[in-house]
Amino acid sequence: MRLLLQQRPQGGEAPRFVQLMLQPDLLGGWTLLRETGQIGGRSTLRREQFPDQPSAIKALETARDAQLKRGYALTFAEGANAPR
């Protein structure tokens, strides 16, 4: 699963983005990857481990909702059951 959220550009600045990706690991757990930054600039990548898919999906939805409240807009969603 992958979600891409962007803020509208303000002034002459490039827009900021948040990308949330959910991936299974080799031991049966799940990893939530959060990449944040400015388009065309540096970004930061954080990883969180979860023991099962439902808890990982809940964390992804919580992170998505927090960014939507901060003014980001969902621009891309990928995955069989990607939350919208």
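1. Start with helix 1, residues 53–69, in this predicted model. Helix 1 lies across strand 1 (2–6), strand 2 (16–24), strand 3, strand 4 and strand 5. Against strand 2, helix 1 runs at about 175°.

2. Now the sheet under discussion. It is open, has five strands, and follows the order 4-3-2-1-5 with antiparallel pairing. Strand 4 (43–50) and strand 5 (73–78) sit at the edges with a single partner strand each, so one side of each has no neighbour in the sheet. On average, neighbouring strands are turned by 15° against each other, direction ignored.

3. One strand pair to look at on screen: strand 3 (residues 30–38) and strand 4 pair in the antiparallel sense over eight bridges. If you want a landmark there, find T31, which stands opposite Q49 in strand 4.

4. Follow the chain from strand 4 towards helix 1 and you pass D52, in the loop between the two. Is D52 buried, exposed or partly exposed? D52 comes out as partly exposed, because its relative accessible area is 35%, and the partly exposed class runs between 20% and 50%. D52 and L74 are 22 residues apart in sequence, and their C-alpha atoms are 25 Å apart in space.

5. On to the nonpolar core. The largest one has 14 residues, and the members touching the most other members are L20, L22, L32, F50, A56 and L60. Strand 1, strand 2, strand 3 and helix 1 each supply at least two residues of this core. Which element gives the most? That is helix 1, with five residues. As background, nonpolar side chains tend to be buried together in soluble globular proteins.

6. L20 deserves its own point. Leaving out residues up to four places away in sequence, L20 touches M1, R2, L3, L5, L33, R34, L60, A63 and R64. L20 is one of the core residues that touch the most other members, and L20 also helps line the largest pocket.

7. That pocket has a volume of about 160 Å³. What lines the largest pocket? The residues are R16, F17, V18, L20, R34, T36, G37, R46, A63, Q67, R70 and Y72. Strand 2, strand 3 and helix 1 are the elements that give two or more residues to the lining, and strand 2 gives the most, with four residues. R34 and A63 are both in this lining, and both are also among the residues that L20 touches.

How values were computed: Residues are numbered from 1 along each chain as its sequence is written. This is a predicted model: local features need pLDDT of at least 70, side-chain atom pairs count only at pLDDT 80 or more; totals for chains, interfaces and linings use all residues. Side-chain values use heavy atoms; hydrogens and water are left out. Two strands pair if DSSP finds at least two bridges between them. Axes are lines fitted to C-alpha atoms, for helices over the stretch in contact, and angles run from 0 to 180 degrees between N-to-C directions. Contact means heavy atoms within 4.5 Å. Buried means under 20% relative accessible area, exposed over 50%, partly exposed in between (1.4 Å probe, protein chains only). A nonpolar core is a set of buried Ala, Val, Leu, Ile, Met, Phe, Trp, Tyr and Cys residues joined through side-chain atoms within 4.5 Å. On a 1 Å grid over the protein atoms alone, a cavity is a set of points where a 1.4 Å probe fits but cannot get out, and a pocket is an open set with protein on both sides within 12 Å along at least five of seven lines; lining residues have an atom within 4 Å of a point. Grid points are joined across faces, edges and corners, and a volume is the space filled by probe spheres set on the points.
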